[in-house]
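Colleague: I have the sequence and the fold open. Walk me through them, please, one question at a time.

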Amino acid sequence: MIINSVQPKTSIIKFTQGNNQSQALSLPQDKEEKKHDKLWNSDIISKTRANIENAVSIPEYVAHGLKGDPDFNFFEYLQVAKIPYYIGGIALAAIALASRNGLNTHAAKQNTQMFKKILTGVAMYYASRELANATIDGPVKWFRGIDLNHPYKKVTTLREGNPLNRSEQNNQISQNNDPNSKINLPNNQKKSQQKVFESVEFTRWDLLYKYKNDSENNPKNEPVNVFFDKIAKKFGAEKYSTDSDSKIKGKIKELIIMANSWKYMLTAPFVTLGLGLAYQDDLYKMDLKNVLDSTLDFVKLPKYARQTGLKDKFIALKTAWSKGFAQPIGKAFVSLWKGHTLASKIVGRSAIIASVALPIIANATMLHKTSLKNNGGNN
Amino acid sequence: MTSMIQAYVDIARRRAQATASQPQVIPAVRNQDDFRTHVKAYKPLGKLIRPDFIDIRGGVKKDINAIRYFIKGVQGEGNDYSTGRINDIGIKLGSLGIAGVLATTKGSPLTKGMEFVGAACWFAAMSLWPKLAIHTPIKMAKGVDLSLEYEPYPGHNKEKDVLAVRRKNFFEDPQYICWDLISDEEIYKMGDKMGIPKNIKNRRKAIENKARQIAIQGNTLALLTAGFATPLVASLAADTLSRKAVSPLLEKLQESKADKLKQQLIGTASTPIKNQADIEFIEKALSDKLTDNSRQEITNYFTNKLGLEGDKKAVTKTINAIFEASNNSNATIKLNDKLAEKLADTVIQNVSSERAKKLSRDNLIEAFKNVAQNYGENVSEATKTATGTTLSDYIYDTKDVLNELSGKLNKDLPKVEEAITKVFDDAKMVNVASPDTTKKQLQKVAELINTYSQRAEKDLDKLSRNALRYDSSSNARVWENASEEVLKAFNFSYGEIKKMQSREDNKLVQRLLSQKTNNLLSDDALFEKAIERLGKVAQNTSTKTNKHVDFMLDYVDTLQKTLNSEPHSSVIKGLSHHLNINLANERKDILSRYLSANGTMFAPIRGLNALKKASNMPEINQDILKTLVLNSQTVDNFINKLEALKDKITTQAEFNKYVDVIFGPLDDNVAKMLPDGLAKEINQNAELLKAMLTNLSDGVNRKFCTQMNQEEILSAIRNSKLEKYLDEYFDVSFRIRDDKNLEEMAYRNRLLDTITDKVRESRSKIDELKTFLRLDDITPETSIDDAVNIIKRELTGDGTLHRGFLENGQNRIKNLLDFLGNDSKELLFERLNIYRAKTIKTSSVTPLSMTDFIKDSVLKVAPHKTWVRRIGIAFAALCGITAIALTQIGQTNKFNPDIYHKRNNN
């Protein structure tokens, strides 16, 4: 029986006729349903905007989830899951503060120190996880041209009967596909910002093709494979080929799997390192106020330049940064490395070594494995 | 048949294409109405899993698979599900890493262990909270099990390919729920529970929709509450575990570890340590030419092994004795031509070449020889020549030669002098009577130092580290428990405990304690309950303390025997005596801490006993007694209180009455309420404390700490008369520790002024003072002003007399006070204040008074009580909000209008 192996064949692009005459020659049929989906640029501004839009939608998702909106989907569920992720850390720090009362000044003093450490630890935890991701995302984008966080606008059609679906009352379907517009969506749809390469099984290849006569997404009328052609070069393809897409799709999939696997695993050494640093006393010798003051002072410089002189201000700025910021961090690293017992030495050094070595190994193996040169991809 | 299959395949494919991002769920979503009448559904090939409430095996399996997914993943093999699992294991490993790195930062074994327990609690809370607070009530009320999991059909043998294994939550993605895996029967049962009408069209679909609504609502609620619930539940659970399981366990582990260590250490304590490196060092040092420098080297080598300055001095002294050296040196310099030549060469080498030309080597040699002629062949510090000249004289004279040349040497003079000094140092030879004896003596010194530094400094420290302090970390649980129990025994409420933390109102603790004590005294049942409670906890702590003290005393005794195992030669005796005194001080310290720890713990029992006993003694003023009971444990407190009560307690006999009541034996009734043996223990402790309190400085005390065992101490105390103690007690209070105290005393307390005022009254007073201050400078001819100056100088420590004053300080001050007479009572109490200030630092016997113990307990217990209360309230609030939210689950709302159509039965 083959029934059970039926799969949605999203990756197969069919250049068949659709029912929309104006785009009939170019847009594939199964694109029709996703024709409102739109690729964003992969620059930092677009990504930040996509993140902000998702973040501000969370309360809406919560409201819908709590009421059991039948169109509530897994993406929205994952967005809501960010709430416990961040609340958990804040609540943990707040719990540490709960024994405090104004009467027991000694205990309160100790409590403040502990709270400071826990709060720093929580912040370090979040920062370390982001950093772990960055150590993979950066090289992947740089060497392979694949931005794992490349956002796109996903438009989902609401089911009939959903009170949010206003198509019956207002049937004017707008064709404005501005990714940033909220009000111009068709009334029976909702949108979210997702990532093109998020899923290895449902990678949104369709958004990466350039279609003929798609003046909006392809104003220069570039060839259909233009994205894949560029990427193929980055993957080490030696000669130009017309089917660059089919050649490197497999490699991109491998890259996504490897990148995600490493990112998730790198969490472990990075958070260990982050928390290890957070519990070094040296870190708390930071004088961020002074750093900030002297920086502001330096920024204001032109106004006073004649009186004090550039050199003095620069020296002051340098000292403030090195004494108030760089040195405490450096010392925290050193004391984590040195440890005060054998066990702490082992743990501290392992965390530091792993956090340096594993990203290097990860990127090296990823680049090696996905290179078309190494793996006979050019044959 | 084929066409039917084909029809199914087509429909399935069409649907699959229509919902492009549908995961690999088999079979595809169907609208039953489309098929049911035509084709019988195929048996679904996926698998439904109903996990146990606590599914450790499944969890471990998931984690192992996650590691396998990672291994596949880094090779580029995997899928969304497998990489998602790597995220889970990454977080878990990260938490382990965090626990590891936090456990290795500074902290007690408890806090270290708790890092791991805390991490485990966090994960347990994360998995249990939704199950317990969301899934279970929903399942009970609506029949929908949100914990349900399923495995989609893997397609091929999953044993071979781990990537084919996918275990997902059944309701995870509300858009793709694999309803085929649930039988009609089960669905309808669910529907009945949800209250879906029975006679409606397409009931199964209606139930599925309702279940989806419930799943979405439940999952969202679980997420919203998890952020608060996970840390709250985890910290409450970790706190409970820490108190009820981890600390008792750790305590047992530590105890057995300590027992092992003790056995090991007591086994080694009886053998002196002979260190091969030392023997080699001594051999080498003695084989070379023995100069004064090498003697210094040997001294440094040994003193570096010891930490304390006093010990270092003792060693230096002993080594000097071995080399028969005086304070400076016993070195001898041979005065021959060679030395003169060397000196001349040194001078020439150390001046600039220009100046060197002006100097004649021969003239220099001649000059140095001339100096040497006056001193004979050998010159040393000890052996004086007939003319009374010594080594230092010779060196002085030699350097004088240089001064004569100073015109020629000019700026090079200091440099030359330095070089010359070095020549002399090198030439200084040390006399050793017999190299063999010296070697043996040095080896003995090495042995003593090694044994002492290893055993008494390191091992003993290891043993006693905090073990006897009532607030030490190794005893922390016992004492925290004790603190809670004591507060409970006196029936303090949370509000009172909270208030008592404040430092603003000093008298608050005493006021509340006094009130609570009155309550206990007025009700026999309450009194008995309190004593029983206190007895139980006192038994616990004292058993632990006593066991340790017994061992420590044994250890010190063994060590003392080891150090004195063979008779020492006269030169070594000084050192061995010094080390013995050190050990005696250790012993004193152990006993002091023992008295402090037990004294603190017994104070409430003894105090309640005293108050109860005295309640029918008319001769005792209950208020005074209470003040003393609540505050009197240390000399410090006692004196302080006495000062406040000085108008009420005016005679020695009166004072004794109170001492006897407070430190007297326990009442028989009270003794009966206590565990076996505790009453005796408390009585002994009281006797010892009484002795310490009234007799700190002299007599019994000194012997007490150095030579006697506990039984002997007790008998010594019993034999001495308590009446004497009051007298002694005042004596104690004028223990002078060092010069600075004396000065402070003289200045700060106007003693001096008072004395000089007295002296000016009459000439006879001066004579009186002169005798006991031994002021020989004062003669009958001395004017009064001069005499006053001399006395002032004597008392303020100006000059040498001062030291003499200190040597016999106690008696002198006592005489001085006699001299001052009764009208100086105010002054006397001021002295007591001084004493108090100093005692805190000098006496290690510091049992807490009842009030202080309560205060200490409050500070120890209150923050945690506050914490538990606040976290409890927060948790209760969370549960309440969750419960309210749960009532809304499955209700009709705008998204779920619940419109059903009656089924047409025809």
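Colleague: Where in chain A is D71(A) found?
Modeller: Keep in mind that this is a predicted model. Helix 1 of chain A covers 44-67, and helix 2 covers 74-80. D71(A) sits in the loop between helix 1 and helix 2.

Colleague: Is D71(A) buried or exposed?
Modeller: The cut-off for buried is under 20% relative accessible area. D71(A) has a relative accessible area of 7%. Therefore D71(A) is buried.

Colleague: Which backbone nitrogen does the side chain of D71(A) reach?
Modeller: Leave aside the neighbours within four places in sequence. D71(A) is then in contact with E76(A), T157(A), L158(A), R159(A), N162(A), K190(A) and Q175(B). At 3.0 Å, the side chain of D71(A) reaches the backbone nitrogen of R159(A).

Colleague: That list includes Q175(B), a residue of chain B. How many residues does each chain bring to the contact of chain B and chain A?
Modeller: The area buried between chain B and chain A is about 6700 Å². Carbon and sulfur atoms hold 68% of that area. The contact takes 76 residues from chain A and 79 residues from chain B.

Colleague: Which side chains meet in a salt bridge across the interface?
Modeller: The rule finds one salt bridge across the interface of chain B and chain A. The N to O distance is 3.2 Å. The side chains are those of E201(A) and R166(B).

Colleague: How many residue pairs are in polar contact across the interface, and which helix of chain B supplies the largest share of the side that touches chain A?
Modeller: The rule finds 17 residue pairs in polar contact across the interface, both residues at pLDDT 80 or more. Several helices of chain B each supply at least two residues of the side that touches chain A, among them helix 1 (2-18), helix 3 (56-73), helix 7 (203-269) and helix 38 (850-887). The largest share is 16 residues, and it comes from helix 4 of chain B.

Colleague: Which residues of chain A is G227(B) in contact with?
Modeller: G227(B) lies in helix 7 of chain B. G227(B) counts as buried, at 1% relative accessibility. Setting aside neighbours within four places in sequence, G227(B) is in contact with P84(A), I87(A), G88(A) and A91(A).

Colleague: How far apart in space are G227(B) and M126(B)?
Modeller: In sequence, G227(B) and M126(B) are 101 residues apart. In space, C-alpha to C-alpha, the distance is 9.1 Å.

Colleague: Why does C121(B) form no disulfide with C879(B)?
Modeller: A disulfide needs two cysteine sulfur atoms within 2.5 Å. The closest cysteine sulfur to that of C121(B) is in C879(B), and it is too far for a bond. C121(B) itself counts as buried, at 9% relative accessibility. The sulfur of C121(B) has no bond to C879(B) because the distance is 17 Å.

Colleague: How many disulfides are there over all chains?
Modeller: A disulfide is a covalent bond between the sulfur atoms of two cysteines. Over all chains, the count comes to zero.

Colleague: Back to chain A. In what order do its elements run from the N terminus on?
Modeller: Chain A has 10 helices and three strands. From the N terminus on, the order is β-α-α-α-α-β-β-α-α-α-α-α-α.

Colleague: What percentage of the residues of chain A count as buried?
Modeller: Chain A exposes about 20000 Å², with 60% of it supplied by carbon and sulfur atoms. Chain A has 379 residues, and the share that counts as buried is 46%.

Terms used: Residues numbered from 1 in each chain as written. Chains lettered and ligands numbered in written order. Predicted model: local features only at pLDDT ≥ 70, side-chain atom pairs only at ≥ 80, totals over all residues. Heavy atoms only, no water. Helix = DSSP H or I, 4+ residues; strand = E, 2+ residues; numbered from the N terminus. Buried < 20%, exposed > 50% of the residue type's maximum accessible area, 1.4 Å probe, protein only. Areas by Shrake-Rupley, 256 points an atom, 1.4 Å probe, with all protein chains shown as cover. Contact = heavy atoms within 4.5 Å. Buried area = accessible area lost by both parts, 1.4 Å probe. Salt bridge = Lys/Arg side-chain N within 4 Å of Asp/Glu carboxyl O. Polar contact = N/O pair within 3.5 Å; in protein donor to acceptor, adjacent residues only side chain to side chain.
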